[in-house]
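Colleague: I'd like a close look at a single part of this one, please. Pick the pair of residues the record singles out as the active site, tell me how they sit, and then work outwards.

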Amino acid sequence: MAKRVVLGLSGGVDSSVCAYLLLKQGYEVIGLFMRNWDSMLNNDILGNNKISQNICPQEQDYQDAMDVAKQLGIKLYRIDFIKEYWDYVFTYLIDEYKKGRTPNPDIYCNKYIKFDYFANYAFNELKADYIAMGHYANQINGELFKAKDLSKDQSYFLAQLSNKQLEKVLFPLANITKDEVRKIAKELNLKTATKKDSTGICFIGERKFTEFLKNYIPSMPGNIVDIATNKIVGTHSGAMYYTIGQRKGLNLGGYEKPYFVVGHDLNKKILYVANEDCPEYLYSNKLIATNPNFLTKNYDQNNLTAKFRYRQDDIKISLKIIDKNTIEVSYPNTDAVTPGQEIVIYDKNKVVCGAIIDKIFNGSNLKDYIR
């Protein structure tokens, strides 16, 4: 009897091709579409260009998922995790921004929604033997690895999962490239073959981010200060709306050289910026990260690399375990390493651990408010 796989069928090309590949491998495949955000219920008004559309992007995705399920001859179920997403992902995101940190909601969405609530529903209600997702990643015996297509690898977003969560997960795209996915979809004439990849916040989508945050965090206007000269160069509507390294949206025209964000002081409502003459204010070479989630005990201490953000090249690091809740990581000078973001540590293609960046240190002994 064929093993049953419940696949997160999102209405995108990746999960569509996953369904086909799983069928080809002999599994019984059931699609499960998740709806995790309600713009009207969640007061998602400011910054939402699509609020007045006749059909919202989520409903279009559901229509596409239904069409693909029909094309491939599989059942499709639908489930709402709107409250769970708000409680475990979105509340965390807002709380972090209020602290002046920059969280990564995709990581918490995976940890609590896709691989927890979704998985529990799939195993308990739909009697799945496995769940499957359209991530570019791989797991072997509960350990997490990068995908073949390193340009699309999403292991970074999965590094807070547990070994137990990973054990019964299939990643059909582990060993094929995005180009191959598109080719398969076109050959099958799937509706999603040429559909653009989703972007923006996990399950929320593209937003004018500063305006979007104003729905949930009141404006706190203040001054923009050149950190090198201590001169006021502009004003802002809220320092917590900006992230380290940000260059766009500062509205600082008329200066010879463009500015970028290097830090903020929320108590004084100051947003600190620098220009290309002072790149040192954007660099760090050591960090403290908290709540490390180790996915393996077997790794080469002398061969570790890390990513401090998605789509970043791996950087050689040294790791020191302070205690079970804290790690220290040293690395060559790197720009825009940001508290609240995830550091993911690798031994070649194997994920060693993920942790939340808490504090940043700069070898030049710059003022501690730069982060």
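**A close look at the cysteine pair**

Modeller: Let's start with C202, which is buried because its relative accessible area is 8%, and the cut-off for buried is under 20%. Keep in mind that this is a predicted model. C202 sits in the loop between helix 6 (178–187) and helix 7 (209–214). Skip its neighbours within four places in sequence, and what C202 contacts is Y85, D106 and C109.

That last contact is the one to follow. UniProt lists C109 and C202 under "active site", in an unreviewed entry. They span 94 residues in sequence, yet no two of their C-alpha atoms are more than 7.0 Å apart, so the pair gathers at one spot. The label itself comes from the record, and annotations like that may be inferred rather than shown by experiment.

Now for the partner. C109 belongs to helix 4 (residues 105–124), while C202 comes in from a loop. C109 is buried too, with a relative accessible area of 0%. Again leaving out residues up to four places away in sequence, C109 touches Y85, V89, K114, C202 and F203. So if you click on Y85 in the viewer, you'll find Y85 in contact with C109 and with C202.

Y85 also leads on to N36. N36 touches Q58, F81, I82, Y85, I113 and F203, not counting residues up to four places away in sequence. F203 is on the C109 list as well, which gives you a second link between N36 and the cysteine pair. N36 is found in the loop between strand 2 (28–35) and helix 2 (57–72). It's buried, at 0% relative accessible area.

From here, step over to the other annotated patch. The unreviewed UniProt entry marks G8, L9, S10, G11, G12, V13, D14, S15, M34 and G134 as "binding site". Take L9 as one example: it lies in the loop between strand 1 (4–8) and helix 1 (13–24). L9 counts as buried, at 1% relative accessibility. Beyond its neighbours within four places in sequence, it has a long list of contacts: S15, S16, A19, G31, L32, F33, A65, A69, I74 and L76.

S15 is on that list, and S15 is in helix 1. With a relative accessible area of 4%, S15 is buried. Outside the four places either side in sequence, S15 touches L7, G8, L9 and S10. That means several of the record's "binding site" residues turn up as partners of S15 too, among them G8, L9 and S10.

A137 is another handy landmark. It's found in strand 5 (residues 137–140) and is buried, with 0% relative accessible area. A137 contacts L144, F145, A147, D153, S155, L158, F171 and A174, once neighbours within four places in sequence are left aside. The C-alpha atom of A137 is 20 Å from that of M34, and the two residues are 103 apart along the chain.

Further along, UniProt places the feature "domain: tRNA-specific 2-thiouridylase MnmA-like central" at residues 211–274, also from an unreviewed entry. That stretch is 6% helix and 36% strand, and its end C-alpha atoms are 24 Å apart. N230 falls in the loop between strand 8 (222–226) and strand 9 (231–236). It counts as exposed, at 56% relative accessibility, and it has a positive phi of about 65° although it isn't a glycine. A336 shows a positive phi as well, near 60°. You'll find A336 in the loop between strand 16 (326–335) and strand 17 (342–347), and it is buried, at 13% relative accessible area.

To put all that in its setting: the chain has seven helices and 18 strands, and its C-alpha atoms fill a box of roughly 70 × 55 × 35 Å along the principal axes. For 371 residues, a compact globule would have a radius of gyration near 21 Å; the chain has 22 Å, which agrees. Of those residues, 54% count as buried. Among contacts with a separation of 6 or more, 66% join residues 24 or more positions apart.

Methods. Residues numbered from 1 in each chain as written. Predicted model: local features only at pLDDT ≥ 70, side-chain atom pairs only at ≥ 80, totals over all residues. Heavy atoms only, no water. Helix = DSSP H or I, 4+ residues; strand = E, 2+ residues; numbered from the N terminus. Buried < 20%, exposed > 50% of the residue type's maximum accessible area, 1.4 Å probe, protein only. Contact = heavy atoms within 4.5 Å. Rg over C-alpha atoms; globule rule 2.2 N^0.38 Å.
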